[in-house]
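Welcome! Please open the model in your viewer and keep the selection tool at hand.

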Amino acid sequence: MKTRKWGSLYLVLVFIILYVPIIYLIAYSFSAGDTMANFHGFTWRHYADLFADTRMIQIVIDTLLLALLSSLIATMIGTLGALGIHRTSRPVVKNTILSLNNILMVSPDVIIGASFLIFYTALKIPLGFGSVLLSHIAFSIPIVVLMVLPKLQEMRQTMLDAARDLGSSNAQVLSRVIMPFIAPGILSGFFMAFTYSLDDFAVTFFVTGNGFQTLAVEIYARARQGINLEINALSGVMFVFALLLVVGYYFIQQGSARRKASHKAESEAKLNEAAH
Amino acid sequence: MAKKSSGTNALFYTPYVLWLGLFVIAPLALIVYQSFFDISGHLTLANYQTYFSSGTYILMTVNSVWYAFIITVVTLLISYPAAYVLHYAKHKQLWLLLIILPTWINLLLKAYAFIGIFSQDGGVNTFLGFFGIAPQQFLFTDFSFIFVAAYIEIPFMILPIFNGIEELDESFVNASRDLGATGWQTFTKVILPLTMSGVKAGVQAVFIPSLSLFMLTRLIGGNRVITLGTAIEEHFLVTMNWGMGSTIGVVLIVAMVIIMFLTGERKKRGSLR
Amino acid sequence: MTEPIIELQHVSKRYGDTVVLKDINIELERGKFYTLLGPSGSGKTTILRAIAGFLDVSEGTIMFDGKKINDVPANMRKVNTVFQDYALFPHMNVFDNVAYGLQIQKLKKAEVQTRVEAALKMVRLAGYADREISELSGGQQQRVAIARAIVLEPAVLLLDEPLSALDAKLRKDMQYELRELQERLGITFLFVTHDQEEALALSDEIFVMNDGEVQQSGTPVDIYDEPINHFVADFIGESNIVAGHMLKDFLVEFNGQAFECADAGMRPNEPVEVVLRPEDLDITTIGNGKVSVKVDTQLFRGDYYEIVAYDSAQNEWLIHSTNPAKDGDTVGLTFDAEDIHVMRLNESEEDFDARLESYEDD
């Protein structure tokens, strides 16, 4: 009992460490001063600055567009790849492909960035939106594969046999049984790819030219010049955005779990009734 | 049936295999290839010679590995107990989401926050001021670099360890207690060995990126700390000596392969489960 | 006699050097309940999968309604399967699962609706159409799996150990329902199980399988009363199997004594095995008994006592008795001539059937 108490205390401490910097960052977005020191009184000024900064807003839109586009394409290629890997029966081929798939997952960002830079230069691909998009697609594909593959492996052979037994052709098995079944994996692959893209700094930093900036690259440039409370305001907006997503996700999950549980209990009660 | 599906199989594979070839194999091959060229484009082994003969590069590599090691150990020491407590916590799904939430805040924003917190008149020094301690220099020190790096990596260590502990069958723990082991003995003899795969995954997820956190060395380490990542960035984007940069890149890849090998899941055992 | 709906002729299946089916010959008539019974690995599920079209046989012909269907893919065969793990589609609700095959055939919505409802009613799940699969109990999932298969009105329904995941009580209930369902639908059921009680209770005809071969086929009563060999006698029900010699027709020797029996058609003095079912043995005094045994242990089974006893040659005897015995007592055992069943060693099913016919017709 006592250890449990210490445990909770420890967990709370870890959470404080995790959240203090974020809260610190956001708190100063409301400070009337110009540095992250000595709170100077409440103001919305930095938020006003942020929303008036058309360059920053353009960069936010570009970053979101890039994330959306790259994760969509990566999801398609990755899902097809996972289907291919799943169908491959020779273990040597399968393991080789899986190992190759994981290279980009474990490679440090600088290696990916540097090697892609050499690659684009060798192929004379101009640096800019195109090269950044290609890179984001490339490093998002393996995570999609890793999210979809377990779902495919979870799928029992008898389920596919049943679909064929009930008259479906190969294409119908794929579209009516396999795809809906692995849809949750595809969806989480898509979200992972999306966050990878939003989160990336190093790879983009290497392969972007002068014409195209993402949010991360812009923050890096501004942060190297010193404190700018507009960035704090931006953090505030992004945190609220992330928080809403997380809370929404949590309640949807809890809600559906509860509904299922009650339904099941109800149907079991009915069955018992019928048995007696 | 198997014969008919091979046609569609090729269709599935084509874009994916193209990706494997163009964005996995080709860039890796190119970085190795590039490492044999000097700054003026001559084929040479000079880069490797420079790397191995000059003390600076060796020292930097050792330093970089050392820093990554400390960051990993610090992260692990904080994360394992946290993951363990989390496993027994009420509402653990909610707690888990709260662990994940900070990873959605861009890494650069978090680094940027620490520029404020660690600055001369920032949060930490203000706090210390209450106790009458004079302002200290935190920013641009080894301490601040390790602290911020560990801070950023903690969620990536907690998650795999937490998953490892979740997979652990509670009846093993009960069996161990039933057979007379104390709490600590149960932990060292049963829980820790059975959650080792999670620890290994966490170490992998933290150690390798820690070798290449060049933006942190720039923003927080103030160029005092030079890691392999910083050196690569320097050579590629500042001095434009791609050959040397690639050579260091190859060293980093070798380091990565060693780590993967040391922490790799033994395939046989994994498939048995 | 009508033409068989399914016929397997000389069907074999090999994986590399492993033979899983050896020269299987089976005929299934319309409207009957057949069971493939055997231990795991005996090849019974392989036969089912070969008929369903999930695997290609190495040799032999599979006929459906007089036509060879070896090369017809599974989705074009007019047989449907109820899988052991049900294989319901977890991402669809009950209605969509049952409607799946009809929608594949692109039937009109209204017809799908009526047929799904009828099928659900048939398996007593009317009103469950909107439920998710995860909300159903094991027994309910089982019914959905059956509804999903019968809604397509197959000529033959293949059932792959469909009851094995259910608890004992539910299992018994489902046995009644399955039998009733088969009679109502009037189609052929081919049922796979390793549970001999289930097979005896349900089937019109049983194929007992072992090592990829059909050991014996026949009605439950035939197989129980006249097992062809040691394996069948041991696998179906419980039995005491004693080595002996056939002295002449209707006289067999075992345990050092000669007994009258109901079997004939063997060579004089041929070594045989004698089967005595535990429920056919009655406990009596030593003087009245044909065999004297010493009671070793007994278990109360509810409707009878299961008694293990040993004779002077240390052969084990299993006795089912309504009255308890005393541990350590020596008692006599009696049985009638008809209770003795004599089996020849290595007799083929054809020879066995021919021999039985030769003296039973008299």
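The tour visits a helix pair and then a sheet.

This is a predicted model, in which local features need pLDDT of at least 70, side-chain atom pairs count only at pLDDT 80 or more, and totals for chains, interfaces and linings use all residues. Residues are numbered from 1 along each chain as its sequence is written, while chains are lettered from A and ligands numbered from 1 in the order in which they are written.

**Stop 1: chain A.** Select residues 173-195, one of the spans that an unreviewed UniProt entry lists as "transmembrane region" (such annotations may be inferred rather than shown by experiment). This span is 100% helix, with its end C-alpha atoms 31 Å apart. Helices here are DSSP runs of H or I with at least four residues, and strands are E runs of at least two.

**Stop 2: a helix pair.** Add helix α3 (54-87) and helix α8 (170-199) of chain A, which pack at about 140° with axes 8 Å apart. Axes are lines fitted to C-alpha atoms, for helices over the stretch in contact, and angles run from 0 to 180 degrees between N-to-C directions. Among the contact residues are S70(A) and A74(A) of α3(A), and G189(A) and F190(A) of α8(A); contact means C-beta atoms, placed from the backbone, within 7 Å.

**Stop 3: chain C.** Which strand order does the open sheet have? Its 6 strands run β6-β7-β8-β3-β9-β10, with mixed pairing; strands pair if DSSP finds at least two bridges between them. Now select β3 (33-37) and β8 (188-193) of chain C: they are parallel over 5 bridges. Within β8(C), V192(C) is the bridge partner of L36(C).

How values were computed. Two residues are in contact if their C-beta atoms, placed from the backbone, lie within 7 Å.
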